[in-house]
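Let's take a walk through a protein together, starting from the inside and working outwards. Have the sequence and the 3D view ready.

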Amino acid sequence: MAPEDYGMSNEARGRRRRAVVTILLVLLLIFYAAWYALSYIRADTVSRQQAAPVTRSVTCTTSPKQVEVNVYNATNRDGLAARVASDLKARGFTVKTVANDPKKRKVTGRGQLRYGSAGAKGAKLVALHVGHFEKLADSRARTTVDVVLGPDFTRLASESRIETC
């Protein structure tokens, strides 16, 4: 028995315990409600960043017809690369290869764009269509751009948000 409980009846001590437990439960519920609300705010912020309008700061000198792309699936979702390749082809890109990622690297986020120095202009144009992807320049001499789809990829950027060249 705590010193402050001396002289209190059992009924009074029980009320005090219930009050303390109730206050702790209310504080715990408030904490979880705030945590839950913040998770929605963060998710909304991420979706707004992914769906942010795509704008160009440089003059486009490359058209989709001039860009050859390989579309690779680095996820466990069947048919994702084929669907994206079909969408890119409909937008005028020349699709060369559709397959699982031949490098079998762990890809995080929406995906990666892999390209050589000769394909940098094409990669900029592809980036407008695929959205925010990690850009990885490699030593290839070809102009081909590899679109490697990651686990967070859902769809291409809206065509209405892409300025035409």
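Let's start with helix H3 and what sits over it: the cover on its buried residues includes S1, helix H2 (80-90), S3, S4 and S5. Keep in mind that you're looking at a predicted model. H3 is mostly covered, with eight of its eleven residues buried. If you want to click on them, they are Gly122, Ala123, Leu125, Val126, Ala127, Leu128, His129 and Val130. After H3 comes glycine 131, and its phi is positive, near 95°.

Now zoom out for a moment. The protein has three helices and five strands, and along the sequence they come in the pattern α-β-α-β-β-α-β-β. There are 165 residues, and buried ones make up 33% of them. How many of the contacts between residues at least 6 apart in sequence join residues at least 24 apart? The share is 70%. As for the outside, the accessible surface comes to about 10,900 Å², and carbon and sulfur atoms account for 57% of that.

**The strands**

Next up is strand S3, residues 111-115. Why can we say that S3 is largely enclosed by the rest of the structure? Because five of its five residues are buried. Both faces of S3 are covered: Gly111, Leu113 and Tyr115 are buried on one side, and Gln112 and Arg114 are buried on the other.

S3 has partners, too. With strand S5 (residues 145-149) it runs antiparallel, joined by four bridges. With strand S4 (residues 134-137) it pairs in the parallel sense, again over four bridges. Leucine 113 is a handy residue to look at here, since it stands opposite valine 147 in S5 and has lysine 135 as its bridge partner in S4. To get from S3 to S4, the chain crosses through helix H3 (residues 120-130), and this β-α-β crossover is right-handed. So that helix from the start of our walk turns up again, this time as the link between two strands. Back on S3, arginine 114 stands opposite aspartate 146 in S5.

What about S5: is it mostly covered or mostly open? S5 is mostly covered, with five of its five residues buried. Val145, Val147 and Leu149 point one way from S5, while Asp146 and Val148 point the other way, and all of them are buried. S5 also pairs with strand S1 (residues 68-73), in the parallel sense and over five bridges. One spot to find in that pairing is tyrosine 72, whose bridge partner in S5 is valine 148.

Here are the strand pairings side by side:

| Strands | Direction | Bridges |
|---|---|---|
| S3 and S5 (residues 145-149) | antiparallel | four bridges |
| S3 and S4 (residues 134-137) | parallel | four bridges |
| S1 (residues 68-73) and S5 | parallel | five bridges |

**The first helix and its rings**

Now let's head to another part of the chain. The UniProt record, an unreviewed entry, carries the annotation "transmembrane region" for residues 20-38. In the model, the chain over residues 20-38 is 100% helix and 0% strand, with its end C-alpha atoms 27 Å apart.

Some aromatic rings are worth a look next. A pair of aromatic rings is described by the distance of the centres and the angle of the planes. The count for this protein comes to three aromatic pairs. One of them is phenylalanine 31 with tyrosine 32, an edge-to-face pair at 5.2 Å centre to centre and 70° between the planes. Tyrosine 32 also pairs with tryptophan 35: the ring centres are 6.4 Å apart and the planes are at 85°, so this pair is edge-to-face. Tyrosine 32 and tryptophan 35 both lie in helix H1 (residues 10-50), three residues apart, which is about one turn of the helix. Put together, Phe31, Tyr32 and Trp35 form one aromatic cluster.

Which label fits tryptophan 35, buried or exposed? Its relative accessibility is 51%, and exposed means over 50%, so tryptophan 35 counts as exposed. Tyrosine 32 has a relative accessible area of 45%, so the label there is partly exposed.

Note on methods:
Residues numbered from 1 in each chain as written. Predicted model: local features only at pLDDT ≥ 70, side-chain atom pairs only at ≥ 80, totals over all residues. Heavy atoms only, no water. Buried < 20%, exposed > 50% of the residue type's maximum accessible area, 1.4 Å probe, protein only. Contact = heavy atoms within 4.5 Å. Areas by Shrake-Rupley, 256 points an atom, 1.4 Å probe, with all protein chains shown as cover. Pairing = 2+ DSSP bridges. Right-handed = clockwise from strand over helix to strand, strands pointing away. UniProt positions renumbered as here; feature names shortened; annotations may be inferred. Phe/Tyr/Trp six-rings, centres within 6.5 Å; stacked < 30°, edge-to-face > 60°.
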